[in-house]
Amino acid sequence: MPVGPRGRWLWAASVAALCSACSSVPLERVALAPLESRGARPALACGYRLLAVIDRRATGEAAGSLGANAYSVEDAAGLVHRRLQADGFREDATLPALSVELRQLYITGNLSSKVPVAVYRVSVDADPPRVLRSRATSMNWNGTEAESRRAIGRALDDVDAQLLHALNARCRQHAPAR
């Protein structure tokens, strides 16, 4: 069935209307702060000093996106340092020295879940380095800024707890024999 000029115009207008609905909307840039520790954490079983926390994220301050927000975390090394310092690290040159590299800190998700990621590469004195990765995936309810902040905070709590458990295991391995 041939389509006349009016039909072509209606077809073109329909396609244009549909395509405009598919256009992307720019994400709103949001700095995620504060992300201080909130979860229960194990206590250090022996003394350590926090030698350094270095931000080695390939993405700079960018911290992923969820919903209509693109997040950033400024001074992530300072944030991790403050969180860990609150766990009882001491300024004593005779104690084993912990070095932490922050490798990843971001959030991503889909319609049903959000995946906050925190990855540390840690080493104590001459021990071989270890990589610790959070496992804090949860349901995505609304994709709001507050929800994203809590999720990244939980990811940091999770990787911090893994670090404290590993350090406590090292305490038991290096404890003097009785």
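**Group meeting: salt bridges, core and pocket in a predicted model**

Let me begin with Glu101, which forms a salt bridge with Arg121, the closest N and O atoms being 3.8 Å apart. Glu101 belongs to strand 5 and Arg121 to strand 6, so this pair ties together parts that lie 20 residues apart in sequence. I should say at once that the model before you is predicted.

Glu101 has a second partner to consider. Arg56 also forms a salt bridge with Glu101, and here the closest N and O atoms are 3.6 Å apart. That pair links distant parts of the chain, since Arg56 sits in the loop between strand 2 and strand 3, 45 residues from Glu101 in strand 5.

How accessible are these three side chains? Glu101 has a relative accessibility of 15% and therefore counts as buried, because the limit for that class is under 20%. Arg56, at 47%, counts as partly exposed. Arg121 is likewise described as partly exposed, with a relative accessible area of 31%.

As general background, side chains of opposite charge can pair when their charged atoms come close.

I turn now to another pair. Asp127 forms a salt bridge with Arg170, with the closest N and O atoms 2.6 Å apart. Asp127 lies in the loop between strand 6 and strand 7 (130-133), and Arg170 lies in helix 3, so the pair ties together parts that are 43 residues apart in sequence. At 28% relative accessibility, Asp127 counts as partly exposed, whereas Arg170 is buried, with a relative accessible area of 13%. There is also a network: salt bridges with shared partners join Arg41, Arg83, Asp87, Asp157 and Asp160. A search of the whole structure finds 13 salt bridges.

The next topic is the pocket. The largest pocket has a volume of about 200 Å³. Which residues are closest to its centre? Of the 14 residues that line this pocket, the closest are Val124, Asp127, Arg130, Ala166 and Arg170. Asp127 and Arg170 are thus also the salt-bridge partners that I have just described. Two elements, strand 6 (113-124) and helix 3 (145-173), give two or more residues to the lining. Helix 3 provides the largest share, 6 residues. By class, the lining has 8 nonpolar, 3 polar and 3 charged residues.

Let us move to the nonpolar core. The largest one has 36 residues, and those with the most contacts inside it are Leu98, Val100, Tyr120 and Leu163. At least two residues come from each of strand 2 (49-55), strand 3 (62-66), helix 2, strand 5 (97-109), strand 6 and helix 3. Helix 3 gives the most to this core, with 9 residues. What does Leu163 touch? Leaving aside neighbours within four places in sequence, Leu163 is in contact with Leu84, Leu98, Val100, Tyr120, Val122 and Leu132.

My last residue is His81, which is found in helix 2 (residues 76-85). His81 counts as partly exposed, at 31% relative accessibility. Once neighbours within four places in sequence are set aside, His81 is in contact with Leu50 and Val53. The C-alpha atoms of His81 and Val53 are separated by 6.0 Å, although the two residues are 28 apart along the chain.

To close, I return to helix 3, which supplies the largest share of the pocket lining and gives the most residues to the largest nonpolar core.

Terms used. Residues numbered from 1 in each chain as written. Predicted model: local features only at pLDDT ≥ 70, side-chain atom pairs only at ≥ 80, totals over all residues. Heavy atoms only, no water. Helix = DSSP H or I, 4+ residues; strand = E, 2+ residues; numbered from the N terminus. Buried < 20%, exposed > 50% of the residue type's maximum accessible area, 1.4 Å probe, protein only. Contact = heavy atoms within 4.5 Å. 1 Å grid on protein atoms, 1.4 Å probe; cavity = no way out; pocket = protein on both sides within 12 Å on 5 of 7 lines; lining within 4 Å. Points joined across faces, edges and corners; volume = space filled by probe spheres on them. Nonpolar A, V, L, I, M, F, W, Y, C, P; charged D, E, K, R; others polar. Core = buried A, V, L, I, M, F, W, Y, C linked by side-chain atoms within 4.5 Å. Salt bridge = Lys/Arg side-chain N within 4 Å of Asp/Glu carboxyl O.
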